[in-house]
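Here's one to look at together. Take a moment with the sequence and the fold, then we'll go through some questions.

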Amino acid sequence: MNNFYDRSTITVTAGNGGDGAVSFHREKYVPAGGPDGGDGGAGGSVILFPDTNLSTLVDFRYKRVYNAPKGENGSGRQKTGRDGADLTLRVPVGTVVKDRATGGVIRDLSDGLPFVLARGGRGGRGNKKFATATRQAPRFAKPGGFGQSREVVLELKLLADVGLVGLPNAGKSTLLAASTRANPKIADYPFTTLHPNLGVANIADGVSFVLADIPGLIEKASEGAGLGHGFLRHIERCRLLIHVVAADELETVIANFNTINSELANYDPELAKKPMLVALNKADLLDGNDLFDAFSEYVKTSGVAVTNIMLISGATGQGVRELLLTAAAKLAEIPSAPYFEADFVPEDAFSETADELTYSGADGEYTVTGAWLDRLLDRVNLDDTEGRAYFDATLRRVGVYDKLIEKGLQPGDTIVFYNWQFIYR
Ligand SMILES: Nc1nc2c(ncn2[C@@H]2O[C@H](COP(=O)(O)OP(=O)(O)OP(=O)(O)O)[C@@H](O)[C@H]2O)c(=O)[nH]1
Ligand SMILES: [Mg+2]
């Protein structure tokens, strides 16, 4: 029934690259063919694609694990392996991608641009690529690189210009219905609205804005009471809030107004700073302007930064047009919708950097560890003289020996690389 689904934790893994091939050209009557092992194909990446036709993350409700295919291995006759196909996941525009462990923002997809969430591994090079003047028949190739893996939270933050906030029964959905073509459920019991509704308010030719009606907030909503704070995230992007308060005894109106303001501030102080219009609703139930005047007086002295207070009736339409015009005028002064800047860069355990190796040991025995080394060891064949020479040259090139010499490494000392021990000469 309720398929508004706005948050999901998923794990995505890009495909590994295909391995490079070790192969030698063989032809009848040609005595020594050269190396002809082809490269592996790249692994498929996992791509998030913001789709304007989607409005919920319901596709991610049950399926939580996504893997892109690996690249094909290279083969003889210089044949390159086929690349793994990219896996594209469609999400609503406005989805924010966060790191599951830290909650850091990886990417806000409200700009509508696709985003590579996990990059496929590179294809390993075949032995053909390792042939040099002095090493004409390399008997090794590289395995493909690992595809990246990410555990992320997808969070939908609706793209609305104006958010309607207020207690249950204040008349938010009625106001949405009176202002737009949206057809939200309306009833005289609290929590009628179970999920956010969007509508477009058309003010004049070419002037329109999107209104979001969210479920009613109650005291401690920011801590999860009532329908909870889950829906508050949908007004994080709003540029303007319309605070709907139902007409009642003055003290009740004031108390209700304050309750909502403190819930907004408790959830996120930024929300409380948003420009706010106050709509005192259900004017049709009032006799005269006494309540409106007294409440306006209170609001002005309360210290809450409210730009306008208006008396409306969602039921009869009284004051609704003026409210929408005021909102449109206000919006023209606050052009940009909040964009959640990335503040988290996922660590790539498989990045090709040798800078993060750990060196330990002293007095004749030294140990080197690190993801880069682990990966290098995976792809060289140390049983083979050429493989060992390649390993040695690589370590020298990235400065591993220099680092060890700084630590006191002398010829004749032992160096331990995981399962391998070498005597340094
Ligand atoms: N007399 C009168 N009744 C109104 C007015 N606006 C809304 N109502 C009534 O108040 C009740 C609640 O209205 P809703 O629009 O569903 O209120 P809501 O704020 O969306 O409530 P939740 O979805 O529970 O948060 C309904 O019975 C409406 O008909 C109004 O301007 N005048
Ligand atoms: Mg409602």
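**Helices, sheets and a ligand shell**

Leu250, Val253 and Ile254 of helix 2 meet Leu291, Ala294, Phe295 and Tyr298 of helix 4, where contact means that C-beta atoms placed from the backbone lie within 7 Å. Helices (H or I, at least four residues) and strands (E, at least two) are DSSP runs numbered from the N terminus. This is a predicted model, in which local features need pLDDT of at least 70 and side-chain atom pairs count only at pLDDT 80 or more, while totals for chains, interfaces and linings use all residues. Residues are numbered from 1 along each chain as its sequence is written, with chains lettered from A and ligands numbered from 1 in the order in which they are written.

Q: Which class do the residues between helix 2 and helix 4 belong to: nonpolar, polar or charged?
A: Ala, Val, Leu, Ile, Met, Phe, Trp, Tyr, Cys and Pro count as nonpolar, Asp, Glu, Lys and Arg as charged, and the others, Gly among them, as polar. The contact has no polar and no charged residues, and seven that are nonpolar.

Q: Are helix 2 and helix 4 parallel or oblique to each other?
A: Helix 2 (residues 250-267) packs against helix 4 at about 40 degrees, with the axes 10 Å apart. Axes are lines fitted to C-alpha atoms, for helices over the stretch in contact, and angles run from 0 to 180 degrees between N-to-C directions. Under 35 degrees is roughly parallel, over 145 roughly antiparallel, 65 to 115 roughly perpendicular and the rest oblique. That makes helix 2, relative to helix 4, oblique.

Q: Why do strand 10 and strand 14 each have one side without a neighbour in the sheet?
A: Their open sheet has six strands in the order 10-11-9-12-13-14, with mixed pairing; strands pair if DSSP finds at least two bridges between them. Strand 10 (197-204) and strand 14 (306-311) each have a single partner strand, so one side is left free because they stand at the edges.

Q: Which residue stands opposite Leu280?
A: Strand 13 (residues 276-281) and strand 14 run parallel, joined by five bridges. Opposite Leu280, in strand 14, stands Leu311.

Q: Which helix gives the most to the shell around ligand 1?
A: Of the 24 residues around the ligand, Gly171, Ser173, Asp188, Thr193 and Gly216 come nearest, where near means a C-beta atom, placed from the backbone, within 6 Å. By class, the shell has nine nonpolar, eleven polar and four charged residues. The most, three residues, come from helix 1.

How values were computed:
Two residues are in contact if their C-beta atoms, placed from the backbone, lie within 7 Å.
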